[in-house]
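Dear colleague,

I am handing over the structure we spoke of, and I would be glad if you read the notes beneath it with the model open beside you.

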Amino acid sequence: MKSIKKKIDEIKPQFEKGGKFEKLHSVFDGFYTFLFTPNDTSKRGVHIHDGNDSKRTMIMVVISLLPCLLFGMYNIGYQHSLAVAADMSFVEMFYYGLLKALPQIVVAYAVGLGIEFIVAQIRGHEIQEGFLVSGILIPMICPIDTPLWMIAIATAFAVIFAKEVFGGTGYNFLNVALVTRAFLFFAYPSKMSGDEVFVSLGSSTAVDAFTGATPLGQIASSTQGAVHLTNVLGEPLTFWDTFIGLIPGSWGETSTLCILIGAAILLITGVANWRIVASAVVGGFLMSWVANSFASPLYPATYVSPIQQLCLGGFAFAIVFMATDPVTACRTNIGKYIYGFLIGVVAILIRCYNTGYPEGAMLAVLLMNCFAPLIDYCVVEANIRKRLNRAKNNV
């Protein structure tokens, strides 16, 4: 590796100001800092003297997503095998899911990074690294059969209008991956919801008993007090099925077990803030308990426990990997508690009482992204008033 770095350092002056390829400085710098720890560090002042940078932080998030990514690929094949009554081995199911998921990942990265490279060159800025995470999140929160051209259009829209127009990574106030998902949901609703978009049938003909309805879709369409969740063949689903993730849904967010593994990585490394995660779980649990305790015509499904509610849909995935985004979340510690709690409450509130949209995590996080600056402002102002009153009393 040292020999490679030595060779690259030799050609580096050609990409600096006055060099032959100075116009490609942003592109060269982006690859250089991705491969090697930057040489430039602060020498004085209050800056942190550390070799770590945001690229390595983003890579840690990508590593934490790998359990969900790998399991999601397996679950794509597993749901396919159930739906078409195919006898597939573990390797065959994983391979099928890999072939379905990989093109979505490639398209998301190609479009998003391509736009960021172009914008960096035009502005003469460094290439930002935020899309290292967004590029893998986008396909993971989409149905597996989402057309690639839709993912490309939605990714371009989100990168341009949710990030670049505000100044790029670190200046966006909305989570880019969720903006992509929201664009797809409102622009192409038939491809983002329904009973068949979450299970890949391929070229096979499904058996007569097939239903691709997600557990949340089953709850939303229920008119009975008790809901018995079933898989694509109508067979009962246990709590462990929903916890492990052997259910239909956006392919990267079904496994609560894998999400917890990723959460542990993020919390141990200090990338994610535990206050947001913990308060979101509390808020979601309390709202689920309220909804179950006071059944209504809109939500009669009183037999879905609060714990199971938290394992369904994209709730766990959203609070671990998107609500904790340090750019779009609250900055104050008290604000993080409020921010996370409200995400949990709003997500379950939408899920239980809006039958037209049984999944509320996406809208809850985006809504609280908008309110995060206001929450921080109120917290800071409250602290200022508290200290002023304390100073007056001490006079």
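What follows is an account of the findings, from the chain as a whole to single residues.

Please keep in mind throughout that this is a predicted model. The mean pLDDT of the protein chain is 85, and 82% of its residues reach 70 or more. Confidence is not even along the chain, being lowest in helix H2 (residues 25-35), where the mean is 60, and highest in H11, where it is 96. Over residues 44-49 the pLDDT falls below 50, and in the model this stretch has 5 contacts beyond near neighbours in sequence.

As to the overall fold, the protein chain contains 16 helices and 0 strands. Of its 395 residues, 49% count as buried, and of the contacts with a separation of 6 or more, 71% are between residues 24 or more positions apart. The chain exposes about 19,300 Å², of which carbon and sulfur atoms supply 66%.

Helix H11 deserves a closer look, since the model's confidence is highest there. For the 13 residues of this helix (residues 256-268), a rise of 1.5 Å a residue leads one to expect a span of 18 Å, and the end C-alpha atoms are indeed 18 Å apart, so the two values agree. Thr256, Cys258, Ile259, Gly262, Ala263 and Leu266 are buried in H11. Because these residues cover an arc of only 155° around the axis, they lie on the same side of H11. After the helix comes glycine 270, whose phi is positive, near 80°.

Turning to charged pairs, the structure holds 3 salt bridges. In one of them the side chains of aspartate 145 and lysine 100 meet, with 2.9 Å from N to O. This pair links distant parts of the chain, 45 residues apart, given that aspartate 145 is in the loop between helix H5 (131-140) and helix H6 (148-162), while lysine 100 is in helix H4 (residues 90-123). Aspartate 145 is partly exposed, at a relative accessible area of 35%, and lysine 100 is likewise partly exposed, at 26%.

Another salt bridge joins the side chains of glutamate 116 and lysine 163, at 2.2 Å from N to O. Glutamate 116 lies in helix H4 and lysine 163 in the loop between H6 and helix H7 (176-187), so this pair ties together parts that are 47 residues apart in sequence. Both glutamate 116 and lysine 163 are buried. There is also a salt bridge between glutamate 359 and arginine 351, whose closest N and O atoms are 3.3 Å apart; glutamate 359 and arginine 351 are both buried.

Finally, I would draw your attention to arginine 181, which is placed in helix H7. With a relative accessible area of 11%, arginine 181 falls under the 20% limit and therefore counts as buried. Leaving aside neighbours within four places in sequence, arginine 181 is in contact with Ile141, Cys142, Pro143, Met192, Ser250 and Met362. As for methionine 362, it is 181 residues away from arginine 181 in sequence, yet the two are 7.9 Å apart in space, C-alpha to C-alpha.

With kind regards

Technical notes:
Residues numbered from 1 in each chain as written. Heavy atoms only, no water. Helix = DSSP H or I, 4+ residues; strand = E, 2+ residues; numbered from the N terminus. Expected span 1.5 Å × (residues − 1). Buried < 20%, exposed > 50% of the residue type's maximum accessible area, 1.4 Å probe, protein only. Arc of directions from axis to C-beta. pLDDT = per-residue confidence, 0-100. Contact = heavy atoms within 4.5 Å. Salt bridge = Lys/Arg side-chain N within 4 Å of Asp/Glu carboxyl O. Areas by Shrake-Rupley, 256 points an atom, 1.4 Å probe, with all protein chains shown as cover.
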